[in-house]
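Trainee: Could you take me through one part of this model in detail? I would like to start with a charge and a ring, and then move outwards from there.

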Amino acid sequence: MDWAHKMRWLLEVQYPLVEKVVLVMDNLNTHALSFLYEAFSVEVVFGLAQRLELHFTPKHGSWLNIAEIELSALAV
């Protein structure tokens, strides 16, 4: 439930004008769009899900590797 409320805060308070927010996250079992449905109405979840793009780190890899690759791509 905490994750769902943080995602809503991120989209509605921190980045209300951004069309799409891309998140790179770990594979924790509570980090899924389905958990939004437990916290909010279907209409709210639909609006949030349209603006949220989730990318999960490999189960047997380091999320730091992905972050370093992305940052090096941005530096070029």
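Mentor: Happy to, and let us go straight to Arg-8, which lies over the face of Phe-40, 4.8 Å from the ring centre. Please keep in mind that this is a predicted model, so I am describing computed geometry throughout.

Arg-8 has a second contact to look at. Its side chain meets that of Glu-12 in a salt bridge, with 3.0 Å from N to O. In general terms, side chains of opposite charge can pair when their charged atoms come close. Both Glu-12 and Arg-8 belong to helix 1, which covers residues 2-14, and they sit four residues apart, about one turn of the helix. If you go looking for others, the structure holds one salt bridge. As for the setting of the two partners, Arg-8 is partly exposed because its relative accessible area is 28%. Glu-12 is also classed as partly exposed, because its relative accessible area is 41%.

Now back to rings. With Phe-40 under the charge of Arg-8, you may wonder how many aromatic pairs there are: the count comes to zero. Another phenylalanine worth a glance is Phe-46, placed in helix 3, residues 42-51. Is Phe-46 buried or exposed? Phe-46 counts as exposed, because its relative accessible area is 53% and the cut-off for that class is over 50%. To place Phe-46 against the chain, take Leu-36: the two are 10 residues apart in sequence, and their C-alpha atoms are 9.4 Å apart.

From there, let us turn to the strands. Strand 1, residues 21-25, has two faces: Val-21, Leu-23 and Met-25 make up the covered one, while Val-22 and Val-24 make up the uncovered one. Take Met-25 from the covered face. Met-25 is buried, because its relative accessible area is 9% and the limit for buried is under 20%. Met-25 also gives a nice view across the sequence: His-55 is 30 residues away along the chain, yet the C-alpha atoms of Met-25 and His-55 are 6.2 Å apart.

Finally, strand 1 has a partner in strand 2, residues 52-56, and the two run in the parallel sense with five bridges between them. If you want one bridge to follow by eye, go from Leu-23 to Leu-54, its bridge partner in strand 2. Leu-23 is also on the covered face of strand 1, so you can return from there to Met-25, which is buried because its relative accessible area is 9%.

Note on methods. Residues numbered from 1 in each chain as written. Predicted model: local features only at pLDDT ≥ 70, side-chain atom pairs only at ≥ 80, totals over all residues. Heavy atoms only, no water. Buried < 20%, exposed > 50% of the residue type's maximum accessible area, 1.4 Å probe, protein only. Pairing = 2+ DSSP bridges. Phe/Tyr/Trp six-rings, centres within 6.5 Å; stacked < 30°, edge-to-face > 60°. Lys NZ or Arg CZ within 6 Å of the ring centre and 35° of its normal. Salt bridge = Lys/Arg side-chain N within 4 Å of Asp/Glu carboxyl O.
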